[in-house]
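Student: Could we go through a structure together? I'd like to see how the labels are justified.

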Amino acid sequence: MGDSSASTILTYVALLLGILILTLAEEKSIYIVLLEEEAIAFHRGIVPLEEGTRLDPSSEVYNSHAKQLVETHDQFLQSNLGTGRYAKLHSFTHLANGFAVHTTPSQAQKLKRCRGVKLVERDRGAKLMTTYTPHFLNLPEDAWSQEGGERNAGEGIVIGFVDSGINPLHPSFAYDPMNPFTSNLTRFSGACETGPRFPVSSCNGKIVSARFFAAGAQAAASLNASVDFLSPFDAVGHGSHVASTAAGNYGVPVEVNGFLYGPASGMAPRASRIAVYKAVYPSIATLADVLSAIDQAVKDGVDILTLSVGPDEPPEDTITFLNVFEIFLLLARRVGIFVVQAAGNKGPGPNTVVSFSPWAVGVAACSTDRSYPATLILGNGQKIGGVGLSGPTSGDALIQYKLVLAKDAAKVNGAFLETPYTEECQYPEAFEPLIVRGSVVICNFSAGFYNQTSTITAIIRTALTLGFMGFVLVANPTYGDFVAEPIPFPVPGIMVPRTADAQIISQYYERQTLRNKQGCVMRFGGTASIGEGRVASFKERAPIVSRFSSRGPDIIDSNKNPTDVLKPDIVAPGHQIWAAWSPPSVLDPVLEGNNFALLSGTSMATPHVAGIAALIKQLNPSWNPSMIASAMSTTAMKCDKYGETILAEGYEPATFTSSTPFDFGAGLVNPTRALDPGLVFSPGNFQAP
């Protein structure tokens, strides 16, 4: 009997030790916890539950209530999890009552069972949804004239940007003392948080507030101090691009690599003003930081909230409308904030939208009628079309240069000879310098590009190091046609994305090249030059829904079951958009050192709608978010510039289908008509303006 008892005790001890070891071994994650008690914005003791009601966050009663909620969060965690078992990252007090906590899955399960808990959700992270468009949308001629011209368009409205920060030195965000803002921002209360590369002078009147949120990022990863700046400064470029698209200054010259591409303007160039909420870092982005940024932006009093960032997958264990991110957007809408959100970049397949709920305007992306055609001229006079924002080879493409296939210039017995990196021009040390210097070198889109280990940046580095006259990146029949987007090249270059065109180049090259029996080149006889690729053409059919733009129907869960909500809501230009950039460009080395970038994505489409919403709000200050959304939707265009049905890009390059509302929502946003829609709808009623 004694032996049996001892054995039982040992078994229990072993079991407890196993549980303890398992608990200690659990990997911590970030969890968002919402509590049942109302947040400040909806607390009946402070403010009636009316859409559009604004609170004074500097008032004594507000601060007292906020402090009480934070203390309640601390006490709740300590009493239920115990000291040392967690780290609280953020307290949410304005829109929602809750907090973000870094703890183990088992502790999170424990929180779910606690009284007073409404929701516990694991942080899924957040991702970025990665100029001519004012003219494409007829803004200068029509809409801006209704606002008193470009110098006043959007004045008095604050647009909040939750993104990767802002480059405060960019001319798109400069304050002009000769044209001061005349509007009074008594309803807005922000702050200028300083830090690396972001002195207090960064908040200059155009930028009225700048904050950063990093507790989630610091808990989830080891940040790199050389790029993950703990300040509102934008080391990525994305946040600057988005902010300038919506509210950048009027007529800022776009100059890249010494070439002037023309002037750029935001949709509402006098949008007073820009409020920055940095929640995305080069190393990581967490939902906890994004939600804290949203909570603060609404508390500060922004009029419009721009989200080109967010989760890009549906939640795993709840319906899409009830995940914590969508709940925050609903609460923002309830207090009168117009919320505009990127639809996602997972197209062209169906059920790929990541803007799920009807209370946020989900924006799809389309092209404009502008393109940048580039040309390769072969020695026999044939001209091959391609893509590449570069100047011509020396002599304005009139002089022909030796044409060399990269693998024919490889060092014999070189370390890179048998790898795809040689034919992809990735390493200067792989080549015989005398062969490639002063030549137009053909690089292949091969396995490295296909598996995303090779880059255009490496080709440019090789070309500059070895003195290429220019380079040609051609499609490979093994991998088929590829999608080429124009990138500013500091050296003459062109991408030829169609295999049919690549075959023409290959046939010409082989006919002109003399080889011995072993296949080694004895004489390079082919020649080529690269034409000017930086001059815009305005002959394209437009708009066309972009291939990457996520499509409906909307879904209600991770199994992609459909729901009766039309998504996306609207389409706006998001393909090849020029806007401000930040020179560090730590995630896009090919754009390093540039002040402007030509980018595509629903991230680029979203701020177009945000800026247009600012114009509408300025002209109609009493309109609520539903009325603004109604004005855009009921006046959107469903036909292209030729009066035909809007097309949508298919899966394969250069393939098109007739689009549907699941591609473009209500249609292409039309700011001129949206400013005077004739009739607007609001929940439960309609109103003739």
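Tutor: Sure, let's start with Cys443, which is buried at a relative accessible area of 0%. This is a predicted model, where local features need pLDDT of at least 70, side-chain atom pairs count only at pLDDT 80 or more, and totals for chains, interfaces and linings use all residues. Residues are numbered from 1 along each chain as its sequence is written, and side-chain values use heavy atoms, leaving out hydrogens and water.

Student: Why is Cys443 called buried?

Tutor: Buried means under 20% relative accessible area, exposed means over 50%, and partly exposed is in between (1.4 Å probe, protein chains only). Cys443 has 0%, so it counts as buried.

Student: How do you know that Cys425 and Cys443 form a disulfide?

Tutor: Their sulfur atoms are 2.1 Å apart, and a disulfide is a pair of cysteine sulfur atoms within 2.5 Å, so the pair qualifies. Cys425 is buried as well, at 0%.

Student: What makes Cys192 and Cys203 a disulfide?

Tutor: Here the sulfur atoms are 2.2 Å apart, so this pair passes too. The link is right-handed, with 90 degrees about the S-S bond. By this rule the count comes to two disulfides.

Student: Why is Cys192 called partly exposed?

Tutor: Its relative accessible area is 26%, which falls between the two cut-offs, so that's the label.

Student: And what makes the link between Gln576 and Glu485 a polar contact?

Tutor: Their side chains come to 3.3 Å. A polar contact is a pair of N or O atoms within 3.5 Å; within protein, one must be able to donate a hydrogen and the other to accept it, and residues adjacent in sequence count only if both atoms are side-chain atoms. So 3.3 Å fits the distance limit.
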